[in-house]
Amino acid sequence: MSRIEAYKYWQELRSASKSQNKINGYGYSVNSMHDQDGIITELFRKIIPNQPHTFIEFGCGDGMQNNTIYQLTCHNWRGLWIDGDAYQVEGVQKRM
């Protein structure tokens with residue numbers, strides 16, 4: 001299967017999931033690796049609508065590719081990033 005065919009297949013699966021109201025149909029990726037940005041947003045929209053949200057993320061890396069940077073910057077969440085790598089923590093502090 002070519003990359004284009006695989007992409008089209010994925011889009012069909014995603015569309016079918018959304019029409020069946022399955023959570024993976026709402027997935028999209030901004031900074032996450034596998035559509036978690038959209039899935040997390042939709043889960044919290046359904047479970048706890050119109051509420052401020054707080055997160056804790058262990059192993060945040062440099063803060064640029066994880067599941068919470070999108071929520072933090074686009075949905076006004078607040079939270080705590082924890083990482084054992086001082087170099088990564090320094091990178092996060094410089095960016096934020």
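**Chat about a predicted model**

Author: Let's start with the largest pocket, which holds about 170 Å³ of space. A pocket here is an open set of points on a 1 Å grid over the protein atoms alone where a 1.4 Å probe fits, with protein on both sides within 12 Å along at least five of seven lines.

Reader: OK, which residues are closest to the centre of the largest pocket?

Author: Of the 13 lining residues (those with an atom within 4 Å of a point), Phe-44, Gln-51, His-53, His-75 and Trp-77 are the closest to the centre. Helix 2 gives the largest share of the lining, 3 residues. Helices are DSSP runs of H or I, at least four residues, numbered from the N terminus.

Reader: Is this model predicted, and what's left out?

Author: This is a predicted model, where local features need pLDDT of at least 70, side-chain atom pairs count only at pLDDT 80 or more, and totals for chains, interfaces and linings use all residues. Residues are numbered from 1 along each chain as its sequence is written, and side-chain values use heavy atoms, with hydrogens and water left out.

Reader: Cool. Thr-41: buried or exposed?

Author: Thr-41 counts as buried, at 18% relative accessibility; buried means under 20% relative accessible area and exposed over 50%, with a 1.4 Å probe and protein chains only. Thr-41 is in helix 2 (residues 36–47).

Reader: And what is Thr-41 in contact with?

Author: Leaving aside neighbours within four places in sequence, Thr-41 contacts Tyr-28, Tyr-70, Gln-71 and His-75, where contact means heavy atoms within 4.5 Å.

Reader: New topic: where is Met-1?

Author: Met-1 is in the segment before helix 1 (3–19), and Met-1 counts as exposed at 74% relative accessibility.

Technical notes:
Helix = DSSP H or I, 4+ residues; strand = E, 2+ residues; numbered from the N terminus. Points joined across faces, edges and corners; volume = space filled by probe spheres on them.
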